[in-house]
Amino acid sequence: MKIEYSIKLRRERLENCIIRFLRITGILFFIIMVAFPFYWMIVSSLRPLEEIVMNPANLGLDIGKIDFKAYYDVLFDHGFLRYISNSIYVSAITVALSLVLATVGGYAVTRLRFRGRAFMSYSILIIYMFPAIVLVIPLYVIFSYMGLRDSIHVLILVYLAQTLPVALYMLMSYFKTLPVEMEHAGLMDGCTRFGVIWRIIIPLSAPALASVALYTFMIAWNEFLFAFMFLDTPDKFTISRGVVQLAGSVHLSKQLVMAASVMVTIPILILFLFFERHLVRGMTAGAMKG
Amino acid sequence: MASLTLKGIGKRFGRVTALSGVDLHVKDGEFCVLLGPSGCGKSTLLNVIAGLESQDEGSVRLDGHSIDRLTPRDRDMAMVFQSYALYPHMTVAKNLGFGLRMRGVPKATIRKKVLTTAGLLGIDDLLNRKPRELSGGQRQRVAMGRALVRRPKLFLLDEPLSNLDARLRANVRLELKQLHKKIETTIVYVTHDQVEAMTLGERVVVMRDGQVRQTGRPETIYSFPVDTFVATFIGSPEMNLYKGVIFKERKRSVFQGRGFFLELGNPRIDRMEGEVEIGVRAEDVKIGKENSTSPSVEVEMISDVGSEKYIHARLGQEHLTLRVPKDASFRTGEIIYITIDSARLHIFEKGRRLVTTNVEEV
C-alpha cells in the first residue's frame with residue numbers, strides 16, 4: 001500500500017516535471033518566434049544609421065543613442081503622414097459601416113421572422129469560400145472598367161465585404177444569448193424596434209461590438225493585397241501599401257523600413273490594449289432571475 | 001382600467017397549434033388567472049394580448065375596441081415577465097422610469113412617480129442599484145414596479161412568482177392580492193401553480209392544449225370541474241378518479257371499479273348504467289364504521305403535512321388518498337372502512353362531467 005503510494009507520487013512528480021519543461025520550451029519558442037522580431041524591429045528603428053552600418057549584429061540598444069530621426073524621415077519625407085491618415089480614414093469608415101450594418105442585419109436574422117431567414121443565416125459565411133486572391137483579379141478588371149479602381153472608397157467597399165460576414169456572424173451569435181424577454185419588456189415599455197436595438201441591444205452588446213470593431217479595424221488596417229492592386233496614386237496609399245513602396249525604393253534603408261513597420265504595428269497594439277477591458281463578458285448579469 | 005374580450009383566438013407555430021378558439025371576457029378591475037400545465041398555450045395567449053405575437057385568427061378587444069392592429073407600444077398594457085427581464089445596464093430608478101421616459105413624460109413627473117411606486121413596493125432604498133446587485137425577491141419587486149409605475153389599462157403577469165423560493169412566494173402572493181385591491185386594476189395572470197390560481201384569481205381560466213377547458217370562480221372550478229382534466233389538475237392532493245361501470249341492483253345504483261364496489265345512494269343521475277369515471281376528493285372521504293356497504297381500504301402510507309395527514313390506501317386494485325385530522329393515528333397495513341357522500345361524487349362520462357350531477361348546487 002505504502003510502496004504503491006510512493007510510486008504514484010514519484011510518477012506524479014515526473015509528470016509535473018515534464019509538463020513544466022514543455023511549458024517553458026513552449027513559451028520560449030513563442031517568444032523567439034514573435035517577440036524577438038518585434039524587439040529587433042523596434043531596436044533597429046531607434047538606432048542611428050551609422051551604428052547599424054557599423055555594427056549590424058548588435059542587438060542591444062544604447063539608451064543614450066536613441067534616435068527618432070528615422071520616424072521623422074518616414075513621416076515627413078516619405079509621405080507616411082498621408083498614408084497613416086489614409087489608413088485611419090479607411091479603417092474608421094469600415095469599422096463604422098460594418099458595426100451599423102452588422103448590428104441591424106444580425107438583429108434581423110436572429111429576431112425577426114421573414115422569408116429566407118434561415119438561408120440568410122447559413123449563407124453569410126459563403127463568401128469565405130472564395131479566397132481574396134481569386135476575387136482580386138475580376139474585381140480589378142471590373143473596377144478598372146468602371147473607372148473606380150484607384151480610389152480609397154472602393155477599398156472601403158471591398159473591406160466591408162470582407163469583414164461584414166464575420167461581423168454579422170459574431171453579433172448574431174451574441175444576440176442569440178440576449179434574453180428575448182428583455183426586448184419584449186422594451187416593446188411593452190413603449191420602444192419601437194429601433195428603440196429596442198438602440199436602448200437595450202446595443203448597450204448590452206458592448207463587448208461583442210468591441211470585438212467586432214477590433215476585428216474589422218485589424219483587417220482594414222493590415223490589408224495589403226487589395227490596396228496593392230487597386231491603388232496607383234501615392235496620395236491614396238494606405239500604410240501597408242506605403243511600407244512596401246518604401247521597402248522597394250532605391251535608397252533602401254533598413255532603419256526607415258523598420259520605423260514604418262513599427263508605425264503599422266503600434267496602433268493595433270494600442271487599440272487591443274484599450275479594447276481588451278471591454279471584451280469582458282457578463283454584461284447581462286442581473287437581468288434575469290436570481 | 002379596462003375590460004378585455006378575446007374572441008376565437010387561434011395561433012399556430014408551423015404545424016403546432018398553440019391556441020384554438022379561445023374566448024374570454026375579463027371584466028374591468030377583475031383579477032383573471034390563466035392556469036394550465038406548461039405548454040398549454042397560456043403564455044402565448046398572454047403574448048397575443050400584449051401584441052408581442054400576432055394571432056392567426058380571432059380578435060382582441062379592449063373596452064370593446066379592437067386592438068388587433070396596434071403595436072405593443074400603443075396598447076397601453078404592462079407586463080411582468082417570469083424571468084423579470086430587467087434592463088441590466090440601468091439602475092432600478094431607470095428601470096422603473098423607462099416606460100414613462102419612452103412615452104415622453106416630463107422628468108420631474110417621472111421622478112415623482114418612480115418614488116411613489118418604489119414606496120408602494122418598499123424598494124425606495126434600492127433605486128440607485130443595478131439589477132445584478134439585487135436579490136431574487138428584490139428583482140421581482142422591481143419587475144412589478146416597472147409595470148405598476150405607468151398605471152396602464154391592463155396588467156399582464158407571466159408566472160411572476162415562479163422564481164421565488166416557497167416562503168417568499170407565499171408572502172408576495174398575499175401582497176399581490178392586497179395590491180390589486182388597492183389599485184383596482186384589470187389583471188391577467190398566467191401560472192401553472194393551482195394554489196396561486198385559487199388564492200389570487202377572481203376568475204380562473206383552465207387551459208389545456210391551446211384551448212380553454214373551464215372558466216369560473218375558483219370555488220366553482222374546484223367543486224364542479226367540467227372534465228377529468230380539470231378535476232385532477234385542480235386540487236392537492238389530486239382527486240381520486242376511478243374507471244368503472246354503474247349498474248342497478250334492487251333499484252340502487254352501484255359503481256363497480258377495479259376490485260371494489262361503491263354504493264351510490266341516490267345520486268341524481270339520469271343515466272343509471274354504463275361506463276363512467278367517478279372522482280372524489282381526499283377531504284370528501286370519511287372514515288366510517290364497519291358494515292356491509294362501506295368499502296374497506298388498506299393503509300399503505302401516511303404523509304403528515306403538519307396541519308393534517310393524508311392516508312394513501314389501497315381500494316381494490318386502485319389507490320385512494322384521504323385526508324384525516326392531524327391527531328388521527330393509523331398504522332400501515334391497517335384496514336379501515338370509508339364512507340363517501342354521494343353528493344360529493346364527481347361523475348364523468350367519456351371524460352366530461354355528467355351535467356346532472358350536483359347541478360342544483362352550482
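## Reasoning through a predicted two-chain model

Chain A of this predicted model has 13 helices and zero strands.

Student: What makes the pattern of chain A, read along the sequence, one of helices?

Tutor: Along the sequence the pattern runs α-α-α-α-α-α-α-α-α-α-α-α-α, and the count of strands is zero.

Student: Why are α12(A) and α13(A) called roughly antiparallel?

Tutor: Helix α12 (residues 239–248) and helix α13 (residues 254–276) of chain A pack at an angle of about 170°. Angles over 145 degrees count as roughly antiparallel, and therefore α12(A) and α13(A) are roughly antiparallel to each other. Their axes are 10 Å apart.

Student: Which residues meet where α12(A) packs on α13(A)?

Tutor: From α12(A) come A:Ile239, A:Ser240, A:Gly242, A:Val243, A:Leu246 and A:Ala247. They meet A:Leu256, A:Val257, A:Ala260, A:Ser261, A:Met263 and A:Val264 in α13(A). By class, the residues of this contact are nine nonpolar, three polar and no charged. Gly counts as polar here, so A:Gly242 belongs with the polar residues.

Student: A:Ala260 caught my eye; what is A:Ala260 in contact with, leaving aside its neighbours within four places in sequence?

Tutor: Its partners are A:Val74, A:Phe80, A:Gly242, A:Val243 and A:Leu246. To be in contact, two residues need C-beta atoms within 7 Å.

Student: Where does A:Ala260 stand in the largest nonpolar core?

Tutor: That core has 145 residues, and A:Ala260 is listed with B:Met79, B:Leu156, B:Val188 and B:Val205 as having the most contacts inside it. The element giving the most to this core is helix α7 (residues 152–177) of chain A, with 12 residues.

Student: How do you know that A:Ala260 is buried?

Tutor: A:Ala260 belongs to that core, and a nonpolar core is by definition a set of buried residues, so membership settles the matter. Across chain A, buried residues make up 29% of the 290 residues.

Student: How do you know what the radius of gyration of chain A says against a compact globule?

Tutor: A compact globule of 290 residues would have a radius near 19 Å, but chain A has 25 Å. The C-alpha trace of chain A spans about 85 × 75 × 35 Å along its principal axes.

Student: What makes up the side of chain A that touches chain B?

Tutor: In this contact, 23 residues of chain A meet 27 residues of chain B. The elements giving two or more residues to the chain A side are α8 (180–188) and α9 (193–204), and α8(A) gives the most, with six residues. The residues on that side divide into 13 nonpolar, seven polar and three charged.

Notes:
Residues are numbered from 1 along each chain as its sequence is written. Chains are lettered from A and ligands numbered from 1 in the order in which they are written. This is a predicted model: local features need pLDDT of at least 70, side-chain atom pairs count only at pLDDT 80 or more; totals for chains, interfaces and linings use all residues. Helices (H or I, at least four residues) and strands (E, at least two) are DSSP runs, numbered from the N terminus. A nonpolar core is a set of buried Ala, Val, Leu, Ile, Met, Phe, Trp, Tyr and Cys residues joined through C-beta atoms within 7 Å. A residue is buried if 20 or more other C-beta atoms lie within 10 Å of its own, exposed if 12 or fewer, and partly exposed in between; C-beta atoms are placed from the backbone. Axes are lines fitted to C-alpha atoms, for helices over the stretch in contact, and angles run from 0 to 180 degrees between N-to-C directions. Angles under 35 degrees count as roughly parallel, over 145 as roughly antiparallel, 65 to 115 as roughly perpendicular and the rest as oblique. The radius of gyration is taken over C-alpha atoms; the globule rule is 2.2 Å times the number of residues to the power 0.38.
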